[in-house]
Amino acid sequence: MKLLWNTNRNLPDIATNINEERIIFWGNYHFKNSSPWILNLLSRIQIEQIDSLKNLNKNEDIIVVDNLIGLKESFYFELSNKVKRIYLVHLGDEGGSEKKDLVYSLCEHVWRTFYLPNFRIIKNISCIPIGYKSSVPKTKVDISDKKYIWNFMGTTHGSSRYDLLNKHADLNPHFTNLTGDFAGKNSLDTSEYYNVMNNSIFTLVPHGYFHPETYRLYESLECGSIPIIENPHNFFEDFLPNNPLPKITSWVESSDFIKNHINRKDELNKLSNKINSWWITHKESLKKEFLRINDI
Amino acid sequence: MIFNNTEFNNVYNLIKKDELNEANKILIKLRSSFVLHPDYLFLMSLLLIKSKRTYLAIDAALLSLKVDNTETVLKKHGYENSSDELIEERYLFLISMFKKIKNLELVDILETTMKNKNPISFLIYLEKIMPGIRLKNKL
């Protein structure tokens with residue numbers, strides 16, 4: 001099946017306003033950082049990547065990976081007249097507020113990030129994890145060789161992240177890198193970032209700006225660092241059923257959890273293995289689901 | 001009355017009676033006109049805590065306090081300040097939230113702020129410790 005990565009096609013050369021800045025930033029971000037995750041999910045399907053709409057056949061299906069689709073309605077209209085069926089992988093839309101009804105109606109099936117319960121009842125929508133950015137480490141540092149007890153790298157929005165830092169400050173050694181903006185100028189480069197995560201027993205995973213999911217959850221899973229996730233209104237039981245991840249509603253629970261486990265290496269290893277095996281199984285089931293839907 | 005707006009009072013009573021879906025519906029309806037209104041933000045925080053979203057509830061209440069003390073935002077949108085009754089309830093709510101997350105430093109600061117009826121030093125401190133509680137792009 002043909003696959004078109006559309007997040008970074010036809011971007012403006014230079015941004016003339018904040019909106020265009022956002023379009024360019026996220027279009028390129030997803031192309032650079034989301035492709036290993038999405039291509040992994042599609043790995044059971046035979047894919048031919050294309051970069052233009054030329055030579056499409058009216059009897060064939062296409063997978064499009066895209067973001068900010070509300071700005072691209074005419075593209076999808078045109079595409080729907082050129083192919084038999086469109087399968088869309090819709091990235092971004094953290095707040096769930098993007099204009100999408102029209103584009104979704106033109107697609108046979110949509111896989112989208114940033115799960116919300118109301119998407120579950122729509123037959124042609126499946127929700128997928130937001131995934132991890134590219135260049136995950138090939139080898140995982142063993143728990144007993146990790147340098148840090150915990151890490152947090154990212155922006156300090158509001159009370160959750162403030163409380164996270166406050167409640168874990170005395171748990172040493174730890175690593176923090178606080179930034180003003182997502183992927184902002186103080187952010188570590190990808191290899192340093194993954195090196196810290198790979199060297200941390202725990203990665204603290206607070207709520208995102210609008211949505212409970214953040215990339216660091218899946219990045220820590222890829223690195224073998226145990227994520228401790230903020231789980232408001234039991235979001236992660238709903239979205240990732242039967243997951244063995246440590247979940248908290250208040251950061252004091254997390255520091256207590258770490259203090260209780262830090263010297264019990266056997267238990268930590270068991271937990272880490274359990275999480276790793278769950279994550280591998282979960283990814284496999286997502287891949288099968290992609291294949292199943294495309295085979296219908 | 002704690003609110004100057006009848007619909008806000010209505011939402012407040014619904015939240016107190018745990019009729020959260022109904023309260024949420026009205027808040028969604030009011031969102032476009034009142035998204036930055038200090039009383040609207042306080043109602044959001046009351047609704048959020050009912051659904052156990054503690055940190056989001058704290059953020060909404062802190063933003064409510066901040067807007068209520070930012071003349072430019074109030075003027076731009078034609079909003080009135082919160083009533084004295086609501087100001088007190090907001091302090092008590094925040095104090096109870098900080099007790100809940102066991103942050104006694106902020107409990108102390110807020111108790112002093114409430115007693116002095118002057119949140120300026122607290123708001124300056126807030127900018128340092130929680131830089132995301134900001135009005136950037138909202139003015």
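A residue counts as buried here if 20 or more other C-beta atoms lie within 10 Å of its own. Keep that cut-off handy, and keep in mind that what you have open is a predicted model.

**Stop 1: chain B as a whole**

Select chain B and colour by burial: buried residues make up 41% of its 139 residues. Switch to cartoon and you'll see eight helices and zero strands. Following the sequence from start to end, the pattern reads α-α-α-α-α-α-α-α. The radius of gyration comes out at 14 Å, close to the 14 Å that the globule rule gives for 139 residues, so chain B is as compact as a globular protein of that length. Align the view to the principal axes, and the C-alpha trace of chain B spans about 35 × 35 × 25 Å. If you like contact maps, take the contacts in chain B with a separation of 6 or more: 54% of them are between residues 24 or more positions apart.

**Stop 2: helix α3 of chain B**

Now select residues 38-50 of chain B, which make up helix α3. Quick ruler check: at 1.5 Å a residue, its 13 residues should span 18 Å, and the end C-alpha atoms sit 19 Å apart, which agrees. How many of the 13 residues of α3(B) are buried? Twelve of them are, and the helix is mostly covered. Show side chains to see who they are; among them are Asp39(B), Tyr40(B), Phe42(B), Met44(B) and Ser45(B). To see what does the covering, add α1 (6-16), α2 (20-34), α4 (54-68) and α6 (84-100) of chain B, which are included in the cover over the buried residues of α3(B). Before you leave, click on Lys52(B), which follows α3(B) and has a positive phi, near 60 degrees.

**Stop 3: chain A, zoomed out**

Hide chain B for a moment and select chain A. Its secondary structure comes to ten helices and eleven strands. Its C-alpha atoms fill a box of roughly 60 × 45 × 35 Å along the principal axes. For 296 residues, a compact globule would have a radius of gyration near 19 Å, and chain A has 20 Å, which agrees. Run the burial colouring again: 36% of the 296 residues of chain A count as buried. On the contact map, residues 24 or more positions apart account for 67% of the contacts in chain A with a separation of 6 or more.

**Stop 4: two domains in chain A**

Colour residues 2-128 one way and 143-280 another; the domain assignment calls these domain 1 and domain 2 of chain A. Their centres, taken over C-alpha atoms, are separated by 29 Å. Where the two domains touch, domain 1 of chain A puts in six residues and domain 2 of chain A puts in eight. The domain 1 side of that contact has four nonpolar residues, one polar and one charged.

**Stop 5: the sheet and its neighbour helix**

Which strands make up the open sheet of five in chain A? In order they are β8-β7-β9-β10-β11, with parallel pairing. Pick out the edges, β8 (174-179) and β11 (247-248) of chain A: each pairs on one side only. Then select β7 (residues 148-155) of chain A, which runs parallel to β8(A) and is joined to it by six bridges. Zoom in on Trp150(A) and you'll find it opposite His174(A) in β8(A).

Next, select residues 190-198 for helix α6 of chain A, where Tyr193(A), Tyr194(A), Val196(A), Met197(A) and Asn198(A) are buried. Those buried residues pack against β7, β8, β9 (200-205) and α7 (215-223) of chain A.

**Stop 6: a loop proline**

Go to Pro241(A), in the loop between α8 (235-239) and β11 of chain A. Is Pro241(A) buried or exposed? Exposed, because it has 8 other C-beta atoms within 10 Å, and 12 or fewer counts as exposed. Draw a distance from the C-alpha of Pro241(A) to that of His282(A), 41 residues apart along the chain: you should get 9.8 Å.

**Stop 7: where the chains meet**

Bring chain B back. The contact takes 15 residues from chain A and 17 residues from chain B. On the chain A side, select helix α5 (residues 159-168), which supplies the largest share, five residues. Colour that side by class and you get three nonpolar, eleven polar and one charged.

How values were computed:
Residues are numbered from 1 along each chain as its sequence is written. Chains are lettered from A and ligands numbered from 1 in the order in which they are written. This is a predicted model: local features need pLDDT of at least 70, side-chain atom pairs count only at pLDDT 80 or more; totals for chains, interfaces and linings use all residues. Two residues are in contact if their C-beta atoms, placed from the backbone, lie within 7 Å. Helices (H or I, at least four residues) and strands (E, at least two) are DSSP runs, numbered from the N terminus. Ala, Val, Leu, Ile, Met, Phe, Trp, Tyr, Cys and Pro count as nonpolar, Asp, Glu, Lys and Arg as charged, and the others, Gly among them, as polar. Two strands pair if DSSP finds at least two bridges between them. The radius of gyration is taken over C-alpha atoms; the globule rule is 2.2 Å times the number of residues to the power 0.38. Domain bounds come from an automatic or database domain assignment. The expected span of a helix is 1.5 Å times one less than its number of residues.
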